[in-house]
Each structure stands twice: as C-alpha cells, then as structure tokens.
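User: I'd like to learn how to read a fold like this one. Can you walk me through it?

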Amino acid sequence: MFDMLKQMKEMKSKIKDFKDSVEQATFFGQDSNNIIKVKISGKGILLDIDISKDYRDQEYIEKIILEAYNNAKVEADKFYDAEIIKITGGMALPFDMKSFL
C-alpha cells in the first residue's frame, strides 16, 4: 500500500515536471515549399508566423499557413506522447493527460 502511494507521489512530481516542460517547449513547422514557417507552444498556441517576402498569393498563403501549423502540431504531439511514455513507463492511463495541461 505504501509503495503504491510512493509511486503515485513520484508520478505526480513527474507530471508536474512534464507540464512545466510542455509549457516551456516550442515547435516549428513549415509548408513543403518553405514559404511559411510557424512557431507554436507545447500547448499548441500559435506564437509566430514568418511569411517569405517573395510570395503574394493570398489564398495559397492561407492554405500553407494551415499546413505549417499542422506540421508543428504533429511535432508537439509526438513530444507529448514520448514524454507520457517516459512518465508512466508505458502504463495505460484511464484518462487523457492533455486535459490536465
């Protein structure tokens, strides 16, 4: 019983550290033509957009901003999944940790 409490306390500490690392993390994405580059937080908040000065097609710009953002979000999700596996040792959780972040 005490071992389980100790493990839960350790996991709580690891989750707090994980939450802090997610808040500090940044991820980058770009479209396949390198016209748009975006920076997002570990929580998926768009922090910055860099648009190549050489491109002017508004409709296409909108499309590739979404592409760049989605690429950055994929990187953030990969980071999240890898960190959760480290924290839990691969143990399945009965809830989604993202709701706690």
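Analyst: Sure. Start with the order of elements: along the sequence, the protein chain reads α-β-β-β-α, with two helices and three strands. Keep in mind that this is a predicted model.

User: What pattern do the strands make, and how many bridges join β1 to β2?

Analyst: Look for pairing first. Strand β1 (residues 26–30) and strand β2 (residues 36–41) run antiparallel, joined by five bridges. One pair to find is F27 with its partner I40 in β2. β2 also runs antiparallel to β3, again through five bridges, and there K39 is partnered with D48 in β3.

User: Which residues in the hairpins have a positive phi?

Analyst: Check the turns. N34 sits in the hairpin of β1 and β2, which has five residues between the strands, and takes a positive phi near 60°. The β2–β3 hairpin has four residues in between, and G44 in that turn has a positive phi of about 90°.

User: Which residues form the nonpolar surface patch?

Analyst: As a general idea, side chains in a regular strand alternate between the two faces of the sheet. Here L46, I49 and I51 form the patch, with about 210 Å² of accessible area together. L46 belongs to strand β3 (residues 46–51), and it counts as partly exposed because its relative accessibility is 40%.

User: What is the radius of gyration of the protein chain?

Analyst: Set it against a reference. The protein chain has 18 Å, whereas a compact globule of 101 residues would be near 13 Å. Its C-alpha atoms fill a box of roughly 65 × 20 × 15 Å along the principal axes, and buried residues make up 26% of the 101 residues.

Methods:
Residues are numbered from 1 along each chain as its sequence is written. This is a predicted model: local features need pLDDT of at least 70, side-chain atom pairs count only at pLDDT 80 or more; totals for chains, interfaces and linings use all residues. Side-chain values use heavy atoms; hydrogens and water are left out. Patches are made of residues with over 30% relative accessible area and no salt bridge: like charges are joined within 9 Å, nonpolar side chains (Val, Leu, Ile, Met, Phe, Trp, Tyr) within 5 Å. Accessible areas come from the Shrake-Rupley method with a 1.4 Å probe; for residues, only the protein chains shown count as cover. A salt bridge is a side-chain nitrogen of Lys or Arg within 4 Å of a carboxyl oxygen of Asp or Glu. Buried means under 20% relative accessible area, exposed over 50%, partly exposed in between (1.4 Å probe, protein chains only). Two strands pair if DSSP finds at least two bridges between them. The radius of gyration is taken over C-alpha atoms; the globule rule is 2.2 Å times the number of residues to the power 0.38.
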